[in-house]
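Here's a short set of exercises to work through with the model open beside you. Try each task before reading its solution.

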Amino acid sequence: MSKGVLAVVSGFSGAGKGTVMRRLLEKYQEYALSVSVTTRAPRPGEEDGKAYFFRTVEEVEQMIREDQLLEYARYVDNYYGTPRPYVEEKISEGKNVILEIEIQGAMKIKEKIPEAVLIFVTPPNMEELERRLVGRGTEAPEVIRSRLSRASEEAEGMEAYDYLLVNDELEECVDELHRIISSERCKTQRNTEFIKKIQEQSRELMKGDL
């Protein structure tokens, strides 16, 4: 069984990346969503190991010292981070791990795991992004303007990603994401052990024929 791929997904707020990822997990079985570590208290209905790994500040700071987090940040006095052991365990089980994160975190993960695949999700144009944000009907105009301003900043970092995924039609976008990750999984540099095994078997076979 070949190892899975770590796919890091970023994108503008309103691009629909969360919807794309949920649909990917529904449609295909070989994926696992990365579960983050946090020091905030669980909310009603949240289970440890599903919504988050809930840990104390002391436990998370120890994880940081021991390099057990691929990336982390602190928001409103709480830590949030991506646990290395969980990601590595799922990848070794053959699962493709999907991680939704902002650009800064994605760059940190790429530094620690160069083979991670970085994918940026975008709508077909910025007018469509604004339409989607307004269409939510849940945010004030100033919040929408702030999100669009943030998107303008994030657009400057798009070149750092390996793939650009245009979310125009949901099912097409989900299938394209699956194709990207499946193609990455077949790369020769990800299958060196299998290649060596085939080469060794080929040599043994030729010896037997001589």
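## Exercise 1: the parallel sheet

Strands E1 and E7 run parallel and are joined by four bridges. Keep in mind that this is a predicted model.

**Task.** Which residue in E7 is the bridge partner of Val8? Then work out the strand order of the sheet.

**Solution.**
- Step 1: Look across from Val8, and you land on Leu99 in E7.
- Step 2: Turn to E8, which pairs with E1 in the parallel sense over five bridges. Here Val9 stands opposite Ile119 of E8.
- Step 3: Carry on from E8 to E9, again parallel, with four bridges. Val121 faces Leu165 in E9.
- Step 4: Put it together: five strands make an open sheet with parallel pairing, in the order E2-E7-E1-E8-E9.
- Step 5: Check the ends. Strand E2 (31–33) and strand E9 (163–166) each have a single partner strand, so one side of each lacks a neighbour in the sheet.
- Step 6: Ignoring direction, neighbouring strands here are turned by 30° against each other on average.

## Exercise 2: what packs on that sheet

**Task.** Which strands of the five-stranded sheet does H3 touch, and which does H7 touch?

**Solution.**
- Step 1: H3 packs on the sheet through E1, E2 and E7, and its direction makes about 145° with that of E7.
- Step 2: Helix H7 (residues 170–185) touches E1, E2, E7, strand E8 (117–122) and E9, with its direction at about 160° to that of E9.

## Exercise 3: both sides of E8

**Task.** How many of E8's six residues are buried?

**Solution.**
- Step 1: Recall that side chains in a regular strand alternate between the two faces of the sheet.
- Step 2: Take one side of E8: Val117, Ile119 and Val121 are all buried.
- Step 3: Flip to the other side, and Leu118, Phe120 and Thr122 are buried as well.
- Step 4: That gives six of six buried residues for E8.

## Exercise 4: the mixed sheet

**Task.** In what order do the four strands of the open mixed sheet come, and which ones are at the edges?

**Solution.**
- Step 1: The order is E4-E3-E6-E5, with mixed pairing.
- Step 2: The edges are strand E4 (53–54) and strand E5 (69–75), each pairing on one side only.
- Step 3: Zoom in on strand E3 (residues 37–38), which pairs with E4 in the parallel sense over two bridges. Thr38 stands opposite Phe54 in E4.
- Step 4: Bring H3 back in. Helix H3 (residues 84–92) lies across E4, E5 and strand E6 (78–83), at about 25° to E6.

## Exercise 5: two cysteines

**Task.** Is Cys173 buried or exposed? And is Cys186 buried or exposed?

**Solution.**
- Step 1: Cys173 has a relative accessible area of 2%, which means it is buried, as the cut-off is under 20%.
- Step 2: Cys186 comes in at 62%, so it counts as exposed, the cut-off being over 50%.
- Step 3: As for disulfides, a search of the whole structure turns up zero.

## Exercise 6: the largest pocket

**Task.** Which residues lie nearest the centre of the largest pocket, and what is its volume?

**Solution.**
- Step 1: The largest pocket holds about 970 Å³ of space.
- Step 2: Its lining has 37 residues, and Ser36, Tyr75, Glu100, Ile101 and Glu102 lie nearest the centre.
- Step 3: Sort the lining by element. Those supplying at least two residues each include strand E1 (6–11), helix H1 (17–27), strand E7 (96–100), helix H4 (103–112) and helix H6 (141–154). E5 and E6 from the mixed sheet do so too.

Methods. Residues are numbered from 1 along each chain as its sequence is written. This is a predicted model: local features need pLDDT of at least 70, side-chain atom pairs count only at pLDDT 80 or more; totals for chains, interfaces and linings use all residues. Side-chain values use heavy atoms; hydrogens and water are left out. Two strands pair if DSSP finds at least two bridges between them. Contact means heavy atoms within 4.5 Å. Axes are lines fitted to C-alpha atoms, for helices over the stretch in contact, and angles run from 0 to 180 degrees between N-to-C directions. A disulfide is a pair of cysteine sulfur atoms within 2.5 Å. Buried means under 20% relative accessible area, exposed over 50%, partly exposed in between (1.4 Å probe, protein chains only). On a 1 Å grid over the protein atoms alone, a cavity is a set of points where a 1.4 Å probe fits but cannot get out, and a pocket is an open set with protein on both sides within 12 Å along at least five of seven lines; lining residues have an atom within 4 Å of a point. Grid points are joined across faces, edges and corners, and a volume is the space filled by probe spheres set on the points.
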